[in-house]
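Thanks, everyone, for making the time. I would like to take you through one structure this morning, so please have a look at it while I talk.

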Amino acid sequence: MSLFILIVASSLTRSFGSFTAVEDLSLTIERGEIFGFLGPNGAGKTTTMRMLTGLISPTKGTAKVDDLDVSSLQNIPKIHRNVGVLPEVPGLYESLSAYRNLDFYGRLYGLRDPKLRERIMSLMQTFELWERKEDAVQTFSKGMKQKIAIIRCLLHDPEYLFLDEPVSGLDPEASKTVRDFILDLKKNGKTVILSTHNLDDADRLCDRVAVIRRNLLALDTPLNLRTRMFKRTVVFHLKEADDSILQKLKTLPFIQSVERIGNKLVLDLDNPEDNDPEILELLVKSGYKVQFVGEVRHSLEEVYLKLVTN
Ligand SMILES: Nc1ncnc2c1ncn2[C@@H]1O[C@H](COP(=O)(O)OP(=O)(O)OP(=O)(O)O)[C@@H](O)[C@H]1O
Ligand SMILES: [Mg+2]
């Protein structure tokens, strides 16, 4: 396996009885990237992540993490040593304090004081929960429990992280803390595999995203998905415009469509970097005053909706 590839899934399939939740999923995940799984409720994101961490076995196909086959029981302890998993549901000991929960899991990973205590303190401070360390988890809000579960999966400083909806239930400030933290993990060379319904987060965080709905619908960088699925639209804002300019613009061979909305000209272009200067020149020569030029940026949400509603 290449040094750069961390995970290889080949025709990964998982059925529950006669129902197939994930079918024929093949993909690779590179070391050091932030990789996002997107897809509607029930699309198979959690099932895929559970297979990739060896928590459930595939019905068909294979997955290798760090060259270790996840279907082989003897590989599971080795895989778990290097993996941090944030499950969909935090699953904490509700009657124990936040600190005791983290201390318990830290010991399972073989960590001991004083290193363990320092690690818990530093992470709880980052997520602004140190003041509440002695409180029972059952007195915590949903978002606070989520933060404890995030801290738990980071305790042993794993090389790769599987985060199933990491910002679910978090307020905007806490979401930002988690997003920044994920970007820091990447800076420190970690690989992060996450699932999310927040497409803005996916856009901001992920190097590549896989859109799944039982099968793989698309896999690429957010930017490539946009350009693959939508033409690029450029808007020229003029001081004054009339329809006579439309005929002139249509003489330019690369212009596929042009529409005038008030004083704005809206154009679909394949290559704005090359085309914009020529359009600008024609407009100026024709006596129009160009106030500014902007590109309409299609959101990942538009790409996603186009993919999953087709
Ligand atoms: N243990 C199970 N037994 C039976 N069916 C299951 C089991 N786990 C998952 N499924 C089914 O597999 C499908 C995919 O579920 P999964 O939890 O992977 O979806 P998801 O993409 O994570 O959805 P969500 O966005 O709601 O978290 C669903 O139809 C679900 O009912
Ligand atoms: Mg899920």
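The buried residues of helix H6 are Val178, Ile182 and Leu185, and I should say at once that what you are looking at is a predicted model. If you look down the axis of H6, those buried residues fall within an arc of 55°, so they line one face of the helix. On the other side of H6, the exposed residues are Pro172, Glu173, Asp180, Asp184 and Lys187.

What do the buried residues of H6 pack against? Their partners are strand S3, helix H5, strand S7, strand S8 and helix H7. As for the geometry of the helix itself, H6 covers residues 172-187, and because 16 residues at 1.5 Å a residue should span 22 Å, the 22 Å between its end C-alpha atoms agrees with that expectation. After H6 comes Gly189, which has a positive phi, near 85°.

A positive phi also appears in the hairpin of S9 and S10, where one residue lies between the strands and Arg214 takes a value near 65°. The two strands, S9 at residues 208-213 and S10 at residues 215-220, pair in the antiparallel sense over five bridges, and Ile212 has Leu216, in S10, as its bridge partner.

Finally, the ligand. The residues surrounding ligand 1 include Phe16, Asn41, Lys45, Thr46, Thr47 and Glu88, and the shell as a whole divides into three nonpolar, six polar and two charged residues. Which helix gives the most to that shell? That is H1, residues 45-52, which contributes three residues.

Terms used. Residues are numbered from 1 along each chain as its sequence is written. Chains are lettered from A and ligands numbered from 1 in the order in which they are written. This is a predicted model: local features need pLDDT of at least 70, side-chain atom pairs count only at pLDDT 80 or more; totals for chains, interfaces and linings use all residues. A residue is near a molecule or strand if its C-beta atom, placed from the backbone, lies within 6 Å of it. Helices (H or I, at least four residues) and strands (E, at least two) are DSSP runs, numbered from the N terminus. Ala, Val, Leu, Ile, Met, Phe, Trp, Tyr, Cys and Pro count as nonpolar, Asp, Glu, Lys and Arg as charged, and the others, Gly among them, as polar. Two strands pair if DSSP finds at least two bridges between them. The expected span of a helix is 1.5 Å times one less than its number of residues. A residue is buried if 20 or more other C-beta atoms lie within 10 Å of its own, exposed if 12 or fewer, and partly exposed in between; C-beta atoms are placed from the backbone. The arc is that of the directions from the helix axis to the C-beta atoms. Two residues are in contact if their C-beta atoms, placed from the backbone, lie within 7 Å.
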